[in-house]
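Subject: Structure handover

Hi,

Here is the structure I promised to pass on. Please open it and keep it beside this email while you read.

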Amino acid sequence: MTEKIKNSQTEKNKIIDGYISHILETGSEPVSVFKFTKDMKMKETVFYEYFSSFGAVKKAVWELIFDNTIQALESQEVYQSYTSREKLLGFLFTWIEELKNRRSYLLAVYGNVSIKNQSYPSELKGFKSKFKDFASGIVNEGKETEEIAERPYLTDKYHEAIWLQVMFVFRFWLKDDSPAFEKTDAAIEKSVNLAFDLMGRSAIDSFVDFAKFLFQSK
């Protein structure tokens, strides 16, 4: 990594950290980019080199959390040998650890926000796109190993279902008051196991295959 790129990332992260600190210290968004950069002892033009608005900063927080999660996962040699189920479990457990680093900020911004299954804050758009690419990779691997059953019209929607699961985990974690977030850990494990049991080959699939066989053998 060149020195120029390092400096660029440092400035970008400085803006993100400054924005988060402002939210936590004041309970509200900065009144303007001018005032924010003045308090940061930074030229306003530097802010606009990286972000078009404070909404873009909020979006970057989510993408940074995702990138850190993937980096932490892929740094583990054993990760590549995981099954699809284990990869999703690994992602969610690691993601929660990353979220913990920003919990005060996330509670301040989203603690009283209703994040429904079909509705989520616009700043999650980049995170959602990145995660769905990741989830699609998990689903494709699962189909190759037959850990996930190929079902017409349904298989192509699995990554959407996994995204809803991620939002469920996030909402659960925000409200979790158990020691060390033990309930969230349990929710992750149970929800992922349920999801893969549903996506996997079931007795119904076997029955349908057998019925097809009998019909075609007439």
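Start with Glu-189, which sits in helix α9. One thing to keep in mind throughout: this is a predicted model.

Is Glu-189 buried, partly exposed or exposed? Its relative accessible area is 43%. The partly exposed class runs between 20% and 50%, so Glu-189 counts as partly exposed. Now look for Arg-85. It is 104 residues away from Glu-189 along the chain. In space, the two C-alpha atoms are separated by 9.9 Å.

**α5 and α9**

That pair leads to a helix contact. Helix α5 covers residues 84-100, and helix α9 covers residues 182-199. Their axes come within 10 Å and cross at roughly 155°. Angles over 145 degrees count as roughly antiparallel, so α5 and α9 are roughly antiparallel to each other. The crossing of α5 past α9 is right-handed.

Which residues make the contact? Find them on your screen:

- From α5: Ser-84, Arg-85, Leu-88, Leu-89, Leu-92, Phe-93 and Ile-96.
- From α9: Thr-184, Asp-185, Ile-188, Glu-189, Val-192, Asn-193, Phe-196 and Asp-197.

Both Arg-85 and Glu-189 are on this list. Sorted by class, the contact of α5 with α9 has eight nonpolar, three polar and four charged residues.

**α4 and α7**

Next, turn to α4 (54-74) and helix α7 (residues 125-144). Their axes are 8 Å apart, and they pack at an angle of about 25°. Angles under 35 degrees count as roughly parallel, so α4 and α7 are roughly parallel to each other.

These residues form the contact:

- From α4: Lys-59, Trp-62, Glu-63, Phe-66, Asp-67 and Ile-70.
- From α7: Gly-126, Phe-127, Lys-130, Phe-131 and Phe-134.

By class, the contact of α4 with α7 has six nonpolar, one polar and four charged residues.

**Loops**

Now the loops. Ser-52 lies between α3 (44-50) and α4. Its relative accessible area is 60%. The cut-off for exposed is over 50%, so Ser-52 is exposed. Val-33 is 19 residues from Ser-52 in sequence. From C-alpha to C-alpha, Ser-52 and Val-33 are 9.7 Å apart in space.

Then go to the loop between α7 and α8 (158-175), where you will find Glu-146. The phi of Glu-146 is near 65°, a positive value in a residue other than glycine. Glu-146 is exposed, with a relative accessible area of 67%.

Tyr-153 also has its place in the loop between α7 and α8. What is the phi of Tyr-153? It is near 70°, again a positive value in a residue other than glycine. Tyr-153 counts as exposed, at 77% relative accessibility.

**The whole protein**

Finally, zoom out. How many helices and strands are there? The protein has 10 helices and zero strands. Read from the N terminus, its elements run α-α-α-α-α-α-α-α-α-α.

Of the 218 residues in the protein, 40% are buried. The protein exposes about 13,000 Å², and carbon and sulfur atoms supply 54% of that area.

One last number concerns contacts between residues at least 6 apart in sequence. Among these, 70% join residues at least 24 apart.

Best wishes

Conventions:
Residues numbered from 1 in each chain as written. Predicted model: local features only at pLDDT ≥ 70, side-chain atom pairs only at ≥ 80, totals over all residues. Heavy atoms only, no water. Axes fitted to C-alpha atoms, helices over the stretch in contact; angles between N-to-C directions. Helix = DSSP H or I, 4+ residues; strand = E, 2+ residues; numbered from the N terminus. Parallel < 35°, antiparallel > 145°, perpendicular 65-115°, else oblique. Left-handed = near helix turned anticlockwise from the far one by under 90°. Contact = heavy atoms within 4.5 Å. Nonpolar A, V, L, I, M, F, W, Y, C, P; charged D, E, K, R; others polar. Buried < 20%, exposed > 50% of the residue type's maximum accessible area, 1.4 Å probe, protein only. Areas by Shrake-Rupley, 256 points an atom, 1.4 Å probe, with all protein chains shown as cover.
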